[in-house]
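Got the model open in your viewer? Let's walk through it stop by stop, with a note at each one on what to select.

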There are 2 protein chains.
Amino acid sequence: MTELSALGITGVTITPVAFSDPPLLNQVGVHQPFALRAVIELQTDGGLIGLGETYGDAAHLARLHAAGQAIVGTDVFAQHEIRARVALALAGVAGADAHGLTGAISSGGTIDRVYAAFEVACLDAAGRALGRPVSDLLGGAVRDRVPYSAYLFYKWASHPGAEPDEWGEALDPDGIVAQARRMIAEYGFGAIKLKGGFFPPDQEIEAIRALHRQLPDMPLRLDPNGAWTWETSVHVGQELAGALEYLEDPTIGIPGMARVAREVPMPLATNMCVVEFEHLAPAVAEGAVSIILSDHHYWGGLGRSRLLAGICDTFGLGLSMHSNSHLGISLAAMTQLGAATPELTYACDTHWPWKRADEDVIEPGVLTFRDGAVAVPTGPGLGVELDRDALARLHEQYRRCRIRTRDDTAYMVQIDPAYRRVTPRW
Amino acid sequence: MTELSALGITGVTITPVAFSDPPLLNQVGVHQPFALRAVIELQTDGGLIGLGETYGDAAHLARLHAAGQAIVGTDVFAQHEIRARVALALAGVAGADAHGLTGAISSGGTIDRVYAAFEVACLDAAGRALGRPVSDLLGGAVRDRVPYSAYLFYKWASHPGAEPDEWGEALDPDGIVAQARRMIAEYGFGAIKLKGGFFPPDQEIEAIRALHRQLPDMPLRLDPNGAWTWETSVHVGQELAGALEYLEDPTIGIPGMARVAREVPMPLATNMCVVEFEHLAPAVAEGAVSIILSDHHYWGGLGRSRLLAGICDTFGLGLSMHSNSHLGISLAAMTQLGAATPELTYACDTHWPWKRADEDVIEPGVLTFRDGAVAVPTGPGLGVELDRDALARLHEQYRRCRIRTRDDTAYMVQIDPAYRRVTPRW
């Protein structure tokens with residue numbers, strides 16, 4: 001029982017890493033050659049280490065360092081206190097978010113984005129101490145496999161000047177269908193999401209129609225990241241009647257989404273107009289969305305994602321899961337959460353297939369896809385182990401790549417000087 | 001670590017008990033001479049026992065027995081599975097609730113009322129295994145003392161034919177003020193709730209005014225349990241402008257409460273029109289209430305009460321806590337929950353002072369009031385220990401008292417044959 005009484009937090013190590021990312025096209029540009037993440041190692045006085053993974057952008061790293069200092073001395077079970085300390089620490093980080101009039105007040109969303117990484121690390125440490133998977137600390141697993149969806153992107157064959165990546169080009173309906181077929185063949189996915197918002201809407205409608213023709217039983221989702229006006233959104237929604245499981249963020253903002261929701265035949269989903277708890281009341285009041293894409297990285301960790309799930313269930317909203325480019329610690333956390341979330345009504349998003357198999361920070365073997373689902377790790381904590389050599393390699397890659405903030409638009413402008421970020425574009 | 005891997009549930013013991021209750025007057029009659037509770041002992045394969053306390057009415061006991069059988073074989077951390085098994089088990093209990101058209105379907109509220117008792121017992125067992133208080137399993141304590149409010153009742157000096165109880169009569173403003181002064185002197189309460197709905201509204205207005213005059217800094221609440229029409233509610237609310245912290249359940253139902261809310265100057269609270277998760281969406285949509293009184297006994301235990309707290313915080317509702325007549329296991333659970341609920345915005349209700357000090361099922365000494373607050377037990381689990389001799393005594397009292405279902409109205413009719421239950425009465 002030594003470990004259980006000795007779960008005081010004695011230190012936090014934050015290691016930024018970079019891993020290869022293909023040229024995935026989207027509403028604001030194109031993925032840069034490397035995606036950034038930060039790996040959290042939380043040390044406890046019993047000697048156990050808890051792992052977390054979060055965004056690796058420079059501003060976020062600064063917040064992580066301030067918050068990480070502030071939580072030393074607390075206990076891994078003291079989540080309310082840890083979040084309060086994170087909030088206090090962020091109040092001291094200049095320009096901690098865009099909401100603070102003076103930079104001295106942070107919004108709940110900013111606090112949750114920073115707190116989340118530490119919360120997951122605490123749960124990992126607690127689970128290790130208990131000899132139980134993190135899902136047991138979230139109410140217990142209700143499924144032993146968590147379903148994910150294929151996440152299709154329009155893409156170039158390669159980053160400019162680089163060798164073609166293993167996925168090749170996808171710039172038209174045929175390319176998208178080929179990408180879907182390969183992803184299904186390799187991972188067994190039972191649902192498909194297409195990242196849209198890059199080509200004119202009618203071209204993306206054609207891609208969805210091609211997928212629907214070729215894979216008629218496959219639930220399909222289209223996500224243009226708010227690229228469209230509400231009129232365009234209604235047009236696309238009506239054109240795709242019967243073809244989409246849900247339409248994700250066709251337009252920006254709760255009022256616009258509410259207007260679209262009233263005129264399209266499929267449910268609307270979001271990870272843009274409802275991204276923190278304070279957005280829920282207006283979204284519910286206006287009937288803006290039917291489905292929330294949760295994401296523990298910005299909803300305040302796994303415990304607060306369980307809260308979000310309970311809110312969705314209580315207010316008649318469906319629940320799916322959002323993903324950014326991520327590594328294995330995040331996939332393990334997403335899978336533990338998905339396992340312990342009875343309210344999950346849709347297969348979760350993941351960028352996992354876009355990551356090179358030889359680039360990660362965890363020891364391989366635990367997280368594998370079969371029939372589009374990942375078996376829930378049953379080992380203690382998140383169920384994955386840090387590979388320190390791999391961590392060092394990806395940190396060295398971070399050091400060398402010089403990317404410090406994700407900026408798909410700047411990278412696109414570098415390639416195409418005429419490119420402008422415009423929202424809505426159509 | 002043996003206990004942590006051995007937290008499988010091997011058996012459940014349910015012991016109904018009865019304890020003395022004074023003749024407390026309310027909207028539907030008067031408290032019977034004995035209040036009923038059920039004590040849950042949950043056995044685990046590691047030998048640890050987890051404690052729970054819940055209602056002791058006959059119909060509830062039948063549900064508890066069905067559910068208790070059904071959860072044997074699960075693990076104390078498998079809360080989602082336990083709740084699902086409770087739901088399944090209740091589907092087999094004829095007339096499990098009034099909502100099931102065929103008796104074969106139970107509402108979420110009925111499931112949560114039964115599930116709650118076992119959830120608390122699981123958390124107690126888990127906390128004991130971890131050597132940590134239950135508050136640590138709820139995100140950690142944010143306060144080391146939980147504030148409660150004095151809970152005043154109109155009352156007779158004694159049950160008919162019995163010796164006067166230690167509190168004496170309170171049937172007018174002077175009696176209520178005297179009761180308040182004594183309760184504050186003995187417990188240090190810093191907030192006062194008066195159970196109303198028994199006398200005509202103007203008489204209860206006078207009682208509140210007397211309290212407000214005599215104890216001008218004391219937050220006051222009035223709870224007539226829906227005794228009034230919406231017109232009467234508005235009249236009382238307007239008369240008591242400036243005197244009440246909140247007005248609780250003046251009238252029945254969400255639409256009526258919403259109508260009153262628009263016309264009275266103080267916030268409305270409820271433990272009647274919002275008592276299960278499915279009531280939250282309509283209450284929020286109609287703006288029916290400003291404050292929810294949570295109660296883990298019917299909101300599905302401590303974890304789901306945390307969910308309720310998060311929902312209140314998200315939708316701008318205040319949070320207080322409701323109480324029925326209860327024993328020490330419940331007070332320990334309420335206090336652990338209150339400690340781990342940052343969202344708690346009001347002192348909690350408790351009937352504790354109405355219980356004889358020599359009647360309980362726990363070993364005395366842990367739960368004591370100072371300055372109106374109970375120190376959060378820091379021992380493992382709930383922090384209280386079962387006194388088996390005391391349990392046997394209160395069970396014997398249950399056996400002899402012959403009360404099997406709380407029925408304040410029937411008891412009142414026995415005393416006053418002309419009495420009729422009428423809602424709204426004024």
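Start by selecting Arg37(B) and Tyr55(B): Tyr55(B), in S5(B), is the bridge partner of Arg37(B). Now widen the selection to strand S4 (residues 34-44) of chain B plus S5(B), which run antiparallel and are joined by 7 bridges. (Strands here are DSSP E runs of at least two residues, helices are H or I runs of at least four, both numbered from the N terminus; two strands pair if DSSP finds at least two bridges between them.) The two strands form a hairpin with 4 residues between them, and Gly47(B) in the turn has a positive phi of about 95°. Colour strand S5 (residues 49-55) of chain B by burial and you'll find 6 of its 7 residues buried. Buried means under 20% relative accessible area, exposed means over 50%, and partly exposed is in between, with a 1.4 Å probe and protein chains only.

A word on the ground rules: this is a predicted model, where local features need pLDDT of at least 70, side-chain atom pairs count only at pLDDT 80 or more, and totals for chains, interfaces and linings use all residues. Residues are numbered from 1 along each chain as its sequence is written, chains are lettered from A and ligands numbered from 1 in the order in which they are written, and side-chain values use heavy atoms, leaving out hydrogens and water.

Next, select His31(B), in the loop between strand S3 (29-30) and S4 of chain B. Is His31(B) buried or exposed? His31(B) counts as buried because its relative accessibility is 3%. Show its side chain and look for a polar contact of 2.6 Å to the side chain of Asp21(B), then another of 3.4 Å to the side chain of Arg406(B). (A polar contact is a pair of N or O atoms within 3.5 Å; within protein, one must be able to donate a hydrogen and the other to accept it, and residues adjacent in sequence count only if both atoms are side-chain atoms.)

Staying in chain B, pick Lys193(B). Which residues does it bridge to? Glu248(B) is one, with the closest N and O atoms 2.9 Å apart, and Asp349(B) is another, at 2.6 Å. A salt bridge here is a side-chain nitrogen of Lys or Arg within 4 Å of a carboxyl oxygen of Asp or Glu. Asp349(B) sits in the loop between H11 and S14 of chain B, 156 residues from Lys193(B) in strand S8. Both Asp349(B) and Lys193(B) are buried; Glu248(B) also counts as buried, at 0% relative accessibility.

Hop over to chain A and select Lys193(A), Lys195(A), Arg221(A), Asp223(A), Glu245(A), Glu248(A) and Asp349(A), which are linked in a network of salt bridges. For another bridge in this chain, try Arg388(A) and Glu41(A), whose closest N and O atoms are 2.6 Å apart. This pair joins helix H12 (residues 388-401) to strand S4 (residues 34-44) of chain A, 347 residues apart. Arg388(A) is partly exposed at 47% relative accessibility, while Glu41(A) is buried at 5%.

Now show both chains. A rotation of 180° with 0.0 Å of shift along its axis superposes chain B on chain A, with RMSD 0.0 Å (a least-squares fit on C-alpha atoms of residues with pLDDT of at least 70 in both copies). That is the relation of a two-fold axis. The contact takes 32 residues from chain B and 32 residues from chain A, where contact means heavy atoms within 4.5 Å. About 2400 Å² is buried between the chains, 66% of it on carbon and sulfur atoms. (Buried area is the accessible area, with a 1.4 Å probe, that two parts lose on being put together, summed over both.) Highlight Phe77(B), His80(B) and Arg132(B), which supply 28% of the area that chain B buries against chain A, more than any other three residues.

The rule finds 2 salt bridges across this interface. To see a salt bridge between the chains, zoom in on the side chains of Asp75(B) and Arg132(A), 2.9 Å from N to O.

Last stop: Pro342(B), in the loop between helix H11 (328-339) and strand S14 (369-370) of chain B. Leaving aside neighbours within four places in sequence, Pro342(B) is in contact with His80(A), Val142(B), Arg143(B) and Arg306(B).
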